[in-house]
Structures are given as structure tokens and as C-alpha cells.
Amino acid sequence: MIEFQNVSKRYGARVALDDVSFRLDPGEMSFLVGHSGAGKSTLLRQLICLEAPTEGRVLVGNFDLRRLTAEQLPIYRRKVGVVFQDPQLLMDRSVYDNVALPLQASGFDRKAIPHRVEAALQQVDLSELAGVLPTALSSGQRQRVGIARAVVHRPALLLADEPTGNLDPDLSKKIMKLFTQFRNHGVTVLIATHEQALVESQPFRVLRLDGGRLVEGQ
Ligand SMILES: Nc1ncnc2c1ncn2[C@@H]1O[C@H](COP(=O)(O)OP(=O)(O)OP(=O)(O)O)[C@@H](O)[C@H]1O
């Protein structure tokens, strides 16, 4: 599903990723760990095509990210769901509207949108709160809205950057359970996190970056 081939990323003289190679199989779930500044977010940015590597190649499914055309980029992006530490919801729009937004923006069949949004909200156990504003939600609920928004396109790949960073341990476990459920439906999941206890409590592969080098999990 994902293959990094000798990927390096430099910002001027600063090396953020240094000759990183690994593969993730379809439906595999893994953690991306490492100290602050180790290169976790940089690695995720290559997968979202926010940046290109300085050297090396990133393959995702049938896509070689270096060779994506302008027409292929939005098609690729719809195959990738992204969850951030702060879900950055639109506070003046309902939960439903927040989750519907990516579908509306991509020109998804309008008649099919309600069904898709309801299915995504059901997956994160928020169906009953579809009509409320995010201001009325707890931080754990807001994060679940962010996850519903990330999966509403039914992506094959789900990336998360510190998705439990603002949550207490019980809520973190609940979020992890959701990721595991997506994995059980065949989604490839890669979660960048600082939370060692969370990583140790789960049976998944660990990719560890240290100063931009992949030192564990290749
Ligand atoms: N746009 C940029 N311009 C210059 N340097 C950058 C840029 N983005 C990242 N870096 C540098 O690349 C290195 C890796 O940063 P990155 O944000 O990927 O680490 P991280 O492991 O995600 O850290 P954290 O856990 O603190 O988010 C760091 O030295 C960082 O300062």
C-alpha cells in the first residue's frame, strides 16, 4: 500500500528525513514514533503530497507520488484520510455540515451525501449529535467528528498526526479502538504519536524515526 524508497527530505542544510525506506501492506496498522523533530510530520506530509522528497520515491497503491498529474492529485487525495491533533472544525456549522464538507468540495453526488455522512457519523458513534454545533461538544467528541470527516470519502489510507494529543487516556483508548475498526475494514492506518504508553498497549508495528533516520520497524 505504501512504499518509501530511499526517501530524504532536506530544508536547506537541515535534514528532516534521511534515506528512509519501508513498506506498509494494505490493511496494516502501525505507529510512527520518535522524539520531537525526528521527522514524523515531514514523513506524513510526503504522503499527503504537501511536499515532495528531495530524493527517493514514495509509492501509494498504484500512485507514484512524484508523477501525479494535476488531474490525479485530487483523486489521490480522496484516497487518503487525515486526522490532526486539532480537528479544526468550523464552529458555526453543524457536526453534519463539517463531515459533509469534503464531499461537497469534491463534487460528490449530492443525493448520496446524506447517506455517506450518516454512515461516517455512525462509525464514530455520533449520529445523535449530527445537528449540534461543535461548540457544544467535548474535545473527544470533536476529535471523533474530525475522524468522521477524514473517513467520509472511504479512504484506503488513514493518516493521523498526534490524534490523541489533547485527550485523556480513556478517550485516547476510544480513539484507538476506532482506528482499529477501520483497519479491520481493510484501511491501512499510520498514526504518528508521542504517547509511548498508548503504543505499548497495542499490538501494532512501530516505525521509529531518530534524527530523520528510520531506526526501527523497517
Ligand atoms: N518547513 C520546514 N522548514 C524548515 N525546517 C523544517 C520544516 N518542517 C520541518 N522542519 C525541520 O525538520 C525536522 C523534522 O520536523 P518534523 O516536524 O517532521 O518532526 P516531528 O517528528 O513531527 O516533530 P514533533 O513531534 O515535534 O511534531 C525538524 O528539525 C524541523 O525543524
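**Close-up 1. Phenylalanine 4 and the pairing of β1.** Phenylalanine 4 stands opposite valine 58 in β4, and 5 antiparallel bridges join β1 to that strand, β4 (residues 55-60). Strands here are DSSP runs of E with at least two residues, helices are runs of H or I with at least four, and both are numbered from the N terminus; two strands pair if DSSP finds at least two bridges between them. This is a predicted model, in which local features need pLDDT of at least 70 and side-chain atom pairs count only at pLDDT 80 or more, whereas totals for chains, interfaces and linings use all residues. Residues are numbered from 1 along each chain as its sequence is written.

**Close-up 2. The hairpin of β1 and β2.** Strand β1 (residues 2-11) runs antiparallel to β2, joined to it by 7 bridges, and isoleucine 2 has leucine 24 of β2 as its bridge partner. The hairpin has 2 residues between the strands, and glycine 12 takes a positive phi near 60° there.

**Close-up 3. The shell around the ligand.** The shell, with a residue included if its C-beta atom, placed from the backbone, lies within 6 Å of the ligand, includes Tyr11, Arg14, Lys40 and Thr42. Both β2 (14-24) and α1 (40-47) supply at least two residues each, and the largest share, 3 residues, comes from α1. By class, the shell divides into 3 nonpolar, 6 polar and 2 charged residues, where Gly counts as polar and Tyr as nonpolar.

**Close-up 4. The open sheet and the helices that pack on it.** The open sheet of 6 strands follows the order β6-β7-β8-β3-β9-β10, with mixed pairing. Because β6 (80-84) and β10 (213-216) stand at the edges with a single partner strand each, one side of each is left without a neighbour in the sheet. From one strand to the next the twist averages 20°, with axes fitted to C-alpha atoms and angles between N-to-C directions running from 0 to 180 degrees. Helix α1 packs on the sheet, touching β3 (29-33), β6, β7, β8 and β9 (205-210), and its direction makes about 150° with that of β7; contact requires C-beta atoms, placed from the backbone, within 7 Å.

**Close-up 5. The buried face of α4.** In helix α4 (residues 113-123), Val117, Ala120 and Leu121 are buried, that is, 20 or more other C-beta atoms lie within 10 Å of their own. Seen down the axis of α4, these buried residues fall within an arc of 100°, so they line one face of the helix. They pack against α3 (95-105) and α5 (139-151).

Technical notes
Buried ≥ 20, exposed ≤ 12 C-beta atoms within 10 Å, placed from the backbone. Arc of directions from axis to C-beta. Contact = placed C-beta atoms within 7 Å.
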